[in-house]
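Thank you for sharing this entry. Please have the sequence and the 3D view open side by side while you go through the points below, since each of them asks you to find a place in the chain and look at what surrounds that place.

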Amino acid sequence: MKAAILNDNRFVIREIPKPVLDEYGTGAIVKVTGCGLCGSDIVKMRTGKVKTGAILGHEVVGEIVEINSKTAFAVGDKIALGHHVPCFNCTYCWGGNYSMCRHFKATNIIPGGFAEYIYVSEEHLNNTVFNVNLNLSDIEASFLEPLACCLRAVKRAKIKDNTKSLIVGLGSIGILMGEAVKVFGNKVYGCDLIYERVCLSEKFGFDKSFLLNDEEETLNAMKEIAPEGFDTIFLTAGASLSLNFALRAARDGATIVVFSSIKDITGFKNNDIYYRELTILGSYSPSPMDLEDSMSLLESGKVKVAGISNVYPLEKLNEALSDTLANKIMKAYIQL
Ligand SMILES: [Zn+2]
Ligand SMILES: [Zn+2]
């Protein structure tokens with residue numbers, strides 16, 4: 001089968017052996033129809049967390065072509081999935097930090113979504129695999145995992161009624177985050193350096209978004225909406241400057257949700273947190289429950305994702321990567 005193998009920060013298309021169900025006993029073989037290129041794939045590549053030879057991709061949509069399972073899934077089922085499964089029975093799981101569970105981190109699909117076929121374990125089928133409703137396109141269904149990540153962040157922020165949230169960074173994750181905040185009925189605002197993204201966010205239901213060209217000007221314009229600052233801030237941008245902006249846009253006592261990897265070693269200052277009574281909160285990866293919520297929001301159309309992605313064939317994965325890095329596109333969907 002064809003797969004995109006990582007080779008020194010680039011992808012090379014190679015023929016590799018197809019996963020064989022008999023080798024694992026239970027589980028399923030899925031023919032991948034498409035897979036989203038996630039920001040975290042790019043971070044993993046650039047920080048050397050994944051090495052040459054790895055096969056990335058986890059926002060998978062596909063069809064079950066072979067199965068040996070006690071679950072109700074069958075050959076021919078169209079599915080979308082989450083790639084990590086928590087054990088539900090450890091300190092992290094008991095604390096609700098499912099994505100910190102060591103078993104969660106150890107589980108995965110094999111070999112990765114940028115391949116024609118993957119092996120999905122029985123444990124995945126039981127917890128993190130979902131049938132895709134006929135009213136959803138493959139591209140829409142590929143948002144199952146990224147939307148679930150955002151839902152988890154919004155749940156963790158425990159946003160109160162009649163409060164205002166600000167999303168810093170309006171890439172695909174920023175847009176999804178804003179839509180997730182809206183699901184809970186709260187006001188949501190956004191800001192970004194790119195004008196088109198500011199406009200696009202308003203089409204996706206943001207109450208208002210701001211162009212972040214000059215920090216002072218933007219903060220001044222924001223004062224009309226949130227004179228004291230925003231109650232909750234979601235940091236989805238990867239630039240270290242956004243961290244300082246988040247601090248300035250936050251009201252005293254605000255919650256700042258950290259939802260991106262920032263390359264430079266910079267942090268929130270102790271005394272900002274102390275004297276301003278700020279809550280700085282991380283959110284990473286979704287639980288099976290978040291995936292379930294995500295699928296029902298996509299199915300019901302309460303969260304709309306059509307129009308966010310650009311489609312590339314597997315052979316053009318490198319182009320998809322460079323277009324994403326150059327901010328030419330919001331999100332790449334790799335069609336197999
Ligand atoms: Zn992802
Ligand atoms: Zn666990």
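Which residue in β9 does Leu166 stand opposite? Keep this question in mind while reading, and keep in mind too that the model is a predicted one.

1. The answer to the opening question is Tyr189, which stands opposite Leu166. The two strands concerned, β8 and β9, run parallel and are joined by 5 bridges. Strand β9 is mostly covered, with 5 of its 6 residues buried.

2. These strands belong to a wider arrangement, an open sheet of 6 strands that follow one another in the order β10-β9-β8-β11-β12-β13, with parallel pairing. At the edges stand β10, residues 208-211, and β13, residues 279-282, and each of them has a single partner strand, so one side of each is left without a neighbour in the sheet. With direction ignored, neighbouring strands of this sheet are turned against each other by 20 degrees on average.

3. Strand β11 deserves a slower look, and a student may begin by asking how many of its residues are buried. The count is 6 of 6, so that β11 can be described as mostly covered. On one side, β11 is joined to β8 by 4 bridges, the two running parallel, and here Ser165 stands opposite Thr232 of β11. Strand β11 also pairs with β12 in the parallel sense, over 5 bridges, and in this pairing Thr232 stands opposite Thr255 of β12. Thr232 is therefore a convenient residue from which to trace both pairings, as it stands opposite Ser165 and opposite Thr255.

4. Moving on to β12, residues 250-258, one finds that this strand pairs with β13 in the parallel sense over 4 bridges. Within this part of the sheet, Val258 stands opposite Gly282 of β13.

5. Two helices can be located by the strands that they lie across. Helix α7, residues 144-157, lies across β11, β12 and β13, and runs at about 150 degrees to β12. Helix α9, residues 195-203, lies across β9 and β10, and its angle to β10 is about 175 degrees.

6. In helix α11, residues 241-249, the buried residues are Ser242, Phe245, Ala246 and Ala249. Seen down the axis of α11, the buried residues fall within an arc of 105 degrees, and they therefore line one face of the helix. For a first-year reader it helps to recall that an α-helix has 3.6 residues a turn, so residues three or four places apart point the same way. The cover over the buried residues of α11 includes β8, α10, β11 and β12.

7. The domain assignment of the protein gives domain 1 as 2-143 + 305-335 and domain 2 as 150-282. Taken over C-alpha atoms, the centres of domain 1 and domain 2 are separated by 29 Å. As for contacts between them, 6 residues of domain 1 are in contact with 6 residues of domain 2, and the side of domain 1 that touches domain 2 has, by class, 3 nonpolar, 2 polar and 1 charged residues.

8. Ile29, in strand β3, residues 27-37, shows how places far along the chain can be compared in space. Ile29 and Tyr117 are 88 residues apart in sequence, while their C-alpha atoms are 6.7 Å apart in space. Leaving aside residues up to four places away in sequence, Ile29 touches Pro19, Leu21, Val65, Glu66, Tyr117 and Tyr119. Is Ile29 buried or exposed? Ile29 is buried, because 21 other C-beta atoms lie within 10 Å.

9. Three loop positions should be checked by eye for their backbone geometry. The peptide bond from Ile110 to Pro111 is cis, with omega near 0 degrees, and Pro111 lies in the loop between α4 and β6. Asn9, in the loop between β1 and β2, has a positive phi of about 65 degrees although it is not a glycine, and Asn9 counts as exposed because it has 12 C-beta neighbours inside 10 Å. Asn327, in the loop between α14 and β15, likewise has a positive phi, of about 60 degrees, without being a glycine, but Asn327 is partly exposed, with 13 other C-beta atoms within 10 Å.

Note on methods. Residues are numbered from 1 along each chain as its sequence is written. Chains are lettered from A and ligands numbered from 1 in the order in which they are written. This is a predicted model: local features need pLDDT of at least 70, side-chain atom pairs count only at pLDDT 80 or more; totals for chains, interfaces and linings use all residues. Two strands pair if DSSP finds at least two bridges between them. Axes are lines fitted to C-alpha atoms, for helices over the stretch in contact, and angles run from 0 to 180 degrees between N-to-C directions. Two residues are in contact if their C-beta atoms, placed from the backbone, lie within 7 Å. A residue is buried if 20 or more other C-beta atoms lie within 10 Å of its own, exposed if 12 or fewer, and partly exposed in between; C-beta atoms are placed from the backbone. The arc is that of the directions from the helix axis to the C-beta atoms. Domain bounds come from an automatic or database domain assignment. Ala, Val, Leu, Ile, Met, Phe, Trp, Tyr, Cys and Pro count as nonpolar, Asp, Glu, Lys and Arg as charged, and the others, Gly among them, as polar.
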